[in-house]
Amino acid sequence: MISLQATKTALVLIDLQKGITGLPLAPTPGALIVERSKELTARFRTAGAPVILVNVAFALDFADAVHTVVDRSFSPPGGFAPDWMELVDGLAEPTDLRITKRQWGAFYGTDLDLQLRRRGITTIVVGGIATNLGVESTARAAHEHGYNVVLVEDVMSTFTEEMQRFACEEIFPRLGRVTTSDAIGLDA
């Protein structure tokens, strides 16, 4: 069990949006990640801890997207659906903070760090999709910014079981603590 102080802890969920949760994911399907995320957000809200929902979005012409030369770019088969950047239905509440990012990580180019510091947050609990892309990039930046990081293994998924295993067993233990949603306790 990991006991966290609710007034110093925020839940940060990455890219639980319509165009991402429906992709073929492993080891856990997007619908189950969303279900578990809704349960965890309810616990955080009840404890008075901030819930921060992050989505990735771009202008229609993608002028605000990162334009670097890479060996493998990502574009879903058939392109992006018109609602791909919208959070899944039933996840957000009016009290939640919303962050829109334009790259993998939720820190660079957003006011996430500012919002966390103004609220006195020292620990972030991270989950979402994809484990080794948006979640890992955000966790790395949080670690570099001096936050305590808790990574919720059963509230994240990616594209293969091997990618998930490597991130959770080799990378995340060096950035923070890896746990499951039922092992997180929030104290007043």
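Which residues of strand β1 are on its covered face, and which are on the uncovered one? I began my notes with this question, and I record here that the model I am reading is a predicted one.

**Entry 1: β1 and the end of the chain**

I looked up strand β1, residues 2-5, and found I2 and L4 on the covered face, with S3 and Q5 on the uncovered face. I then searched for the partner of β1 and found strand β8, residues 184-187, which runs parallel to β1 and is joined to it by four bridges. Within this pairing, I2 stands opposite I184 of β8. Going on to the segment after β8, I stopped at A188, which has a relative accessibility of 94% and therefore counts as exposed, the cut-off for that word being over 50%. I also looked up the separation of A188 from Q5: the two are 183 residues apart in sequence, yet their C-alpha atoms are 6.1 Å apart in space.

**Entry 2: the six-stranded sheet**

I next followed the open sheet, in which six strands are arranged in the order β4-β3-β2-β5-β6-β7 with parallel pairing. Its edges are β4 (97-101) and β7 (177-179), each of which pairs on one side only. I noted that neighbouring strands in this sheet are turned against each other by 25° on average, when direction is ignored.

For one pair in detail I took β2 and β3 (residues 51-56), which are parallel and share four bridges; here V12 has I52 of β3 as its bridge partner. I then checked which helices pack against these strands. Helix α2 lies across β2, β3, β5 and β6 (148-157), and its direction runs at about 140° to β6. Helix α5, residues 161-175, packs on the sheet as well, where it touches β6 and β7 and makes an angle of about 170° with the direction of β6.

**Entry 3: backbone points in the loops**

I went through the loops for peptide bonds in the cis form and wrote down two of them. One joins A26 and P27, with omega about 5°, and P27 belongs to the loop between α1 and α2 (30-47). Another runs from I129 to A130, with omega near 0°, and A130 is in the loop between β5 (123-129) and α4.

I also marked D15, a residue other than glycine with a positive phi, near 55°. D15 sits in the loop between β2 (9-14) and α1, and because its relative accessibility is 6%, against a cut-off of under 20%, D15 counts as buried.

**Entry 4: two buried residues and their contacts**

Is T21, in helix α1, buried or exposed? T21 has a relative accessibility of 13%, so I entered this residue as buried. Leaving aside residues up to four places away in sequence, I listed the contacts of T21 as D15, L16, G30, A31, V34, V88 and I129. D15, with its positive phi, and I129, at the start of a cis peptide bond, are thus both in contact with T21.

I then turned to I121, in the loop between α3 (112-118) and β5, which is buried because its relative accessibility is 5%. With residues up to four places away in sequence again left out, I121 touches T7, K8, T9, A10, P50, L116 and Y147. I looked up E86 as a further reference point for I121, and the two are 35 residues apart in sequence and 26 Å apart in space, from C-alpha to C-alpha.

**Entry 5: the largest pocket**

My last search was for open space, and the largest pocket came out with a volume of about 1000 Å³. It is lined by 29 residues, of which R72, S73, F74, W104 and L133 are the closest to the centre. Two or more lining residues come from each of the elements α1 (18-21) and α4 (131-144), and α4 gives the most, with three.

What is the make-up of this lining by class? I wrote down 18 nonpolar, seven polar and four charged residues.

Key: Residues are numbered from 1 along each chain as its sequence is written. This is a predicted model: local features need pLDDT of at least 70, side-chain atom pairs count only at pLDDT 80 or more; totals for chains, interfaces and linings use all residues. Side-chain values use heavy atoms; hydrogens and water are left out. On a 1 Å grid over the protein atoms alone, a cavity is a set of points where a 1.4 Å probe fits but cannot get out, and a pocket is an open set with protein on both sides within 12 Å along at least five of seven lines; lining residues have an atom within 4 Å of a point. Grid points are joined across faces, edges and corners, and a volume is the space filled by probe spheres set on the points. Ala, Val, Leu, Ile, Met, Phe, Trp, Tyr, Cys and Pro count as nonpolar, Asp, Glu, Lys and Arg as charged, and the others, Gly among them, as polar. Buried means under 20% relative accessible area, exposed over 50%, partly exposed in between (1.4 Å probe, protein chains only). Two strands pair if DSSP finds at least two bridges between them. Axes are lines fitted to C-alpha atoms, for helices over the stretch in contact, and angles run from 0 to 180 degrees between N-to-C directions. Contact means heavy atoms within 4.5 Å.
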